[in-house]
Amino acid sequence: MSTPLAAPLDNRAVARVLTEIADLLELKGENPFKIRAYRNGADVVVHAAEAALGLDEAGLRAWTGIGKDLATRIRDIAATGTCEIRQELLKEFPETLLEVLRLQGVGPKTVALLYRELHIKSLDDLSQAAKAGRVRGIKGMGAKKEDLILKAIEERQRHAGRHLLAKATEVADALVAYLSSHAPAATIVTVGSVRRGAETSGDLDLLATGAGASLANAFVTYPTVERVLGHGPTKASVLLRGGYQADLRIVLPEQRGAAMQYFTGSKAHNIALRDRALARGWKLNEYGLFDAHDQAIAGANEEGIYEALDLAWIPPELRENRGELAAAEGATLPVLVTPADLKGDVHMHTTESDGRESLESMAAASQARGLQYIAITDHTQSLAMTNGLDEERTYAAAEHIRAYSATLTEFTVLAGIECDILADGTLDLADDCLASLDLVVASVHSAMQQDEAEMTMRVIKAIEHPSVDIIGHLTGRMLLRREPSRVNVEKVIDAAAANGVALEINSQPYRLDLSDSHARLARDRGVKIVINSDAHEIAALGYTRWGVLTARRAWLSPADVLNTLPVAQFRKALRRDRA
Ligand code: DGT
Ligand code: CA
Ligand code: CA
Ligand code: ZN
């Protein structure tokens, strides 16, 4: 946490500042509505596809849930890194107190108390005070609370961070299978951010109906449990090996829909839905939807809850309070793309560069998965580490691919390339070589540190090259590992629209790039999306499952995704084949 923030800020940083303000207001014991407004604002900003910095107050107010006051704050924060209210609050509380507030099981009241009584200003202060036994001396704290605080600090250090969707899903699926084997009659599902298909998740949330307290016992004795954080008859919480926290709730069948709805979230979606219930004089919580006399209106299934609120059932991937309630009310929810809609996969590697399999086995495995066509897109020469292809090898590989494809029935292998975009925006192969191929994916793999103007011009230059059909993994981000490049996604989207170039959703679990909000913006601006595996081995062909989830979170229908087309139409829709 840095005190003097340098101007100007991107959306993620703006959202962080808004969250800090909410935290500080909470320390102060301010009005909950005011606090909630800042938290909601942070959520809106972080998910917005356009940069807050580029918008004026009116532009910001066009975002759902941003009123006049918040718009002013966001504008100030984006431009200067801070705003008046934050500066005022920081006169009362040191910034390092915020990290204490984020500790598991330590609420604002406790933090305010620790600050007043022991002058604790940071996690380090707290750790020292607790170790010295000074915390237990405060009225209302005690040795047990002190112990919990020390454990929470230790845990924070060991298990900081979030998990990739693919890993989280794997861990959750295994846990659900284990629990199901203990209670075959029960219905057990994963809810929370994993059910929404979010690219990363904090903890795993499981929900069971038709099971008794013995299921909670089974849960806390799951083989990879490292520590039991809580254990009751209807609720338990554990820490698993690998740093996963998992929560289990056991609810009654008549509450199942309400609990699924509530624990699927997102929080922002839930709040919007609850406000809708409140507007009718009703109450919505994890137990059901109730009228003014506490009579249950719905609760056994999710559909019933949405229906009672005059809404179509909303797919979990859309539940982020990004316009889905309005669409569900107006019956304009999109028909979302599904894995079965994909007919091709046009970004994958073979032993010709850094893949593990031959083109023949990648093709056979893809056909076995139900696809009708693929493109082989090996790397190019500047990526020497991958044994990338020069022009001569590219021509030879294309010839080999086409000869092989001609021997197949009802399956096509296109001769493509993943051409590296060099630091100056030129491409890594000669123009006539690129023009001779069926398809070119162009991607950035080097000089990731370029500034915004340079990186953006570099990608746009590639988009303007007449042989480029698709831009691969646009920002180069690696989730939980590497920040995205500084590329201006909005400008790239506009250039792609102008040139008829498609943008990829790369399905590698740590990429998922374009992100959901960027893919949605691209679609809104008339850019087609391609969902690719970028597989380097057979098992990775299945990664498109994650890419499809990202596409669904971007509100995409099959018509928005080029590789839902049969091969002939797909080829006609590529930039190179347009008139
Ligand atoms: P995560 O774990 O950070 O990836 O995100 P989620 O969405 O799984 O959040 P989590 O595990 O904290 O809570 C699961 C769901 O429970 C969340 O999506 C919505 C619901 N929920 C949690 N806290 C609140 C709350 O304070 N208000 C409302 N309305 N819903 C909440
Ligand atoms: Ca969760
Ligand atoms: Ca949770
Ligand atoms: Zn690549």
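**Unusual backbone spots and metal sites**

Trp555 counts as buried because its relative accessibility is just 9% (buried is under 20% relative accessible area, exposed over 50%, partly exposed in between, with a 1.4 Å probe and protein chains only). This is a predicted model, where local features need pLDDT of at least 70 and side-chain atom pairs count only at pLDDT 80 or more, while totals for chains, interfaces and linings use all residues. Residues are numbered from 1 along each chain as its sequence is written, chains are lettered from A and ligands numbered from 1 in the order in which they are written, and side-chain values use heavy atoms, with hydrogens and water left out.

Back to Trp555: its phi is positive, about 70 degrees, although it is not a glycine. Trp555 sits in the loop between α23 (544–553) and α24 (567–573); helices (H or I, at least four residues) and strands (E, at least two) are DSSP runs, numbered from the N terminus. Asn321 also has a positive phi, near 55 degrees, and is found in the loop between α15 (302–308) and α16 (324–329). With 29% relative accessibility, Asn321 counts as partly exposed. Most residues other than glycine have a negative phi, and most peptide bonds are trans.

On the cis side, Gly265 and Ser266 are joined by a cis peptide bond with omega about -5 degrees, and Ser266 belongs to the loop between α13 (256–264) and α14 (267–279). Another cis bond links Asp513 to Leu514, with omega about 10 degrees; Leu514 is in the loop between β16 (502–506) and α22 (516–524).

Then come the metals. The zinc ion (ligand 4) has as protein donors Glu418 (OE), His445 (NE2) and His473 (NE2), at 2.0 to 2.3 Å (donors are N, O and S atoms within 2.8 Å of the metal, or 3.2 Å for Na, K and Ca; water is not among the atoms, so sites may look incomplete). Glu418 lies in strand β13 (residues 412–420) and His473 in the loop between β15 (470–471) and α21 (489–499), so this pair ties together parts 55 residues apart in sequence. Glu418 is buried at 1% relative accessibility, and His473 is buried with a relative accessible area of 1%.

For the calcium ion (ligand 2), the protein donors are Asp203 (O), Asp203 (OD) and Asp205 (OD), 2.2 to 2.6 Å away. Asp203 also coordinates the calcium ion (ligand 3), and the two ions, ligand 2 and ligand 3, are 3.8 Å apart. Asp203 counts as partly exposed at 24% relative accessibility, whereas Asp205 counts as buried at 17%.
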